[in-house]
Amino acid sequence: SQKKWTLRECVDYAVKNNLQVINNQYNNDIQSKNLAMAKNDYLPSASANIGNNVRFGQVPDNAGNSLRTDAFSNSASLGVSMDIYNNGRIKKTVQKSQYDLDASFLDTEKTKNDISLQVAQLYLQVLLNKEVKKITDESVNNAEKILNRAKATTEVGTTAKTVEAEAIASLAREKQKQKSAEIDIERSLFNLAMLLQLKEFKEFDVQEVPLPSMLAAPLNSTDNIINTAYENQPQVKAAETRILSAQKQIEIAHTAFYPSLLVSAGLSTSYQNLFNYSENTFSKQYKDNFGQNLGLSLNIPIFNKGNTKLQVEQAKISENIAKNTLEQQKLSVRQDVQKAYFDANANYENFMAAVEAEKSTKLALDFAEKSYEAGRSTIYDLNNARNNYVNAQSTVSQAKYNYIFSMKLLNFYAGIPLTDNL
């Protein structure tokens, strides 16, 4: 049988395969490598060097004779150096790199959340279109019943031929609405499949979820939701983490004001062969010329054109930018929550009004059907009453799904997963 996707499956597939998420994960890998390189600065650095040189030419001696100076030389060295004091620069760089990595992971979570919200909205749109399709199916069935009755009454001569013609036209209109509803389902499934980046989408379908016919009223306040969102939303946490990173950058820039101490050690040897004279063997010269060195270097900054001070000031500006970004993110989250709350209340009021309108139009339809059967009203009156009822049903469904999504959004900011109860 054809697989029908749940909302949980759609969300999981989208966040796993979305190209933007994958790009974010690559950025995570880059930040992870930066952290590893920062930690590696604790280790000593070592290098080896081997050089070969050949010289050709001649120079005059004291007697004015020319002497050949052709020679071959070789040298080899091995050196190791290590920072033993830099005012904590390495430690602070490691801490900053860790903050940058944490912020990158939070950026990925933000992207996943955005995609999840889009998936939930499109998923609900599919469910709405399927519910509308059921309404049109019922309308087609009723139109067929009216047509059958009109044919029967026309044949016995109790109603005019125009009644049967109107019944035929009414059935055609209802079938056209039914076909439009089918296309809307296909379009919404296509949009969801495109968001999931599915290569094959023709057989794609989602699992229908039974939803309550009546809905609970939204919360009275958003204060708790906003505070929870500040604590949980990754874009806010990422902005807070980047403030810590910027503060560490200030500390790193300050380390340039202080001396740094470097210890070094090395081994070296060499070999030389003058082509005009006999020389000791390669191995003997390497042994005789073998040497060791140990050094301690203290670098004291005195004047570097004021660049260190400017770098500190730049780092402080970056901290201010990070703090302002945090305020922007908090403002955005607060406005999103308030908008979701406003939409939830508005959609709930629309839903309750639509339910009342549906009850009224259903009552009007019942009267119209009885009046039509009794011969006191025309088929036009009946069709008008039925159209009003179908429109009211569709309005109820639209308001219901709009409200459900608004509440899903509010619950999401309150820390409740989108896939709960759906």
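**Entry 1: the sheet**

I began with the open sheet, which in this predicted model has four strands in the order β1-β4-β5-β6, paired antiparallel. I noted that β1 (45–55) and β6 (291–299) stand at the edges; each has a single partner strand, so one side of each is left without a neighbour in the sheet. I then looked up the turn between neighbouring strands, which is 20° on average, direction ignored.

Next I went through the pairings. β1 and β4 (residues 71–85) run antiparallel and are joined by eleven bridges. I looked up two residues here: N52 has N74 of β4 as its bridge partner, and G51 has S75 of β4. On the next pairing, β4 meets β5 (residues 260–274) in the antiparallel sense, over 14 bridges. There I found F72 bridged to N273 of β5.

**Entry 2: confidence**

I checked how far the prediction may be trusted. The mean pLDDT of the protein chain is 91, and 97% of its residues reach 70 or more. I recorded the two extremes: strand β3 (residues 66–68) has the lowest confidence, at a mean of 73, while α6 has the highest, at 97. I keep in mind that where pLDDT is low, the predicted coordinates should not be read in detail.

**Entry 3: helix α1**

Which residues of helix α1 are buried? In this helix, residues 7–17, I found L7, C10, V11, A14 and V15 to be buried. Seen down the axis of α1, these buried residues fall within an arc of 115°, so they line one face of the helix. I then asked what they pack against, and found α2 (19–40), α3 (89–155) and α4 (161–196).

**Entry 4: the nonpolar cores**

I turned to the largest nonpolar core, which has 56 residues; V119, L196 and F204 have the most contacts inside it. The elements giving two or more residues to this core are α1, α3, α4, α5 (223–232), α6 (234–254), α8 (307–373) and α9 (379–413). Its largest share, eleven residues, comes from α9. For one residue of this core, L196, I listed the contacts beyond four places in sequence: W5, C10, Y13, A14, V119 and F204. Apart from this core I found another, of 15 residues, among them V140, L365, Y372 and I379. I add as background that in soluble globular proteins, nonpolar side chains tend to be buried together.

**Entry 5: K130**

Is K130 buried or exposed? I placed K130 in helix α3. Its relative accessibility is 9%, and since buried means under 20%, K130 counts as buried. Leaving aside residues up to four places away in sequence, I found that K130 touches I185, D205, V206 and E208.

**Entry 6: V163**

Last, I looked up V163, which lies in helix α4. V163 has a relative accessible area of 15% and is buried. Residues up to four places away not counted, V163 touches A150, Y372 and I379; I note that Y372 and I379 are also among the residues of the core of 15. I also recorded a separation: the C-alpha atoms of V163 and N387 are 17 Å apart, with these positions 224 residues apart along the chain.

How values were computed. Residues numbered from 1 in each chain as written. Predicted model: local features only at pLDDT ≥ 70, side-chain atom pairs only at ≥ 80, totals over all residues. Heavy atoms only, no water. Buried < 20%, exposed > 50% of the residue type's maximum accessible area, 1.4 Å probe, protein only. Arc of directions from axis to C-beta. Contact = heavy atoms within 4.5 Å. Core = buried A, V, L, I, M, F, W, Y, C linked by side-chain atoms within 4.5 Å. pLDDT = per-residue confidence, 0-100. Pairing = 2+ DSSP bridges. Axes fitted to C-alpha atoms, helices over the stretch in contact; angles between N-to-C directions.
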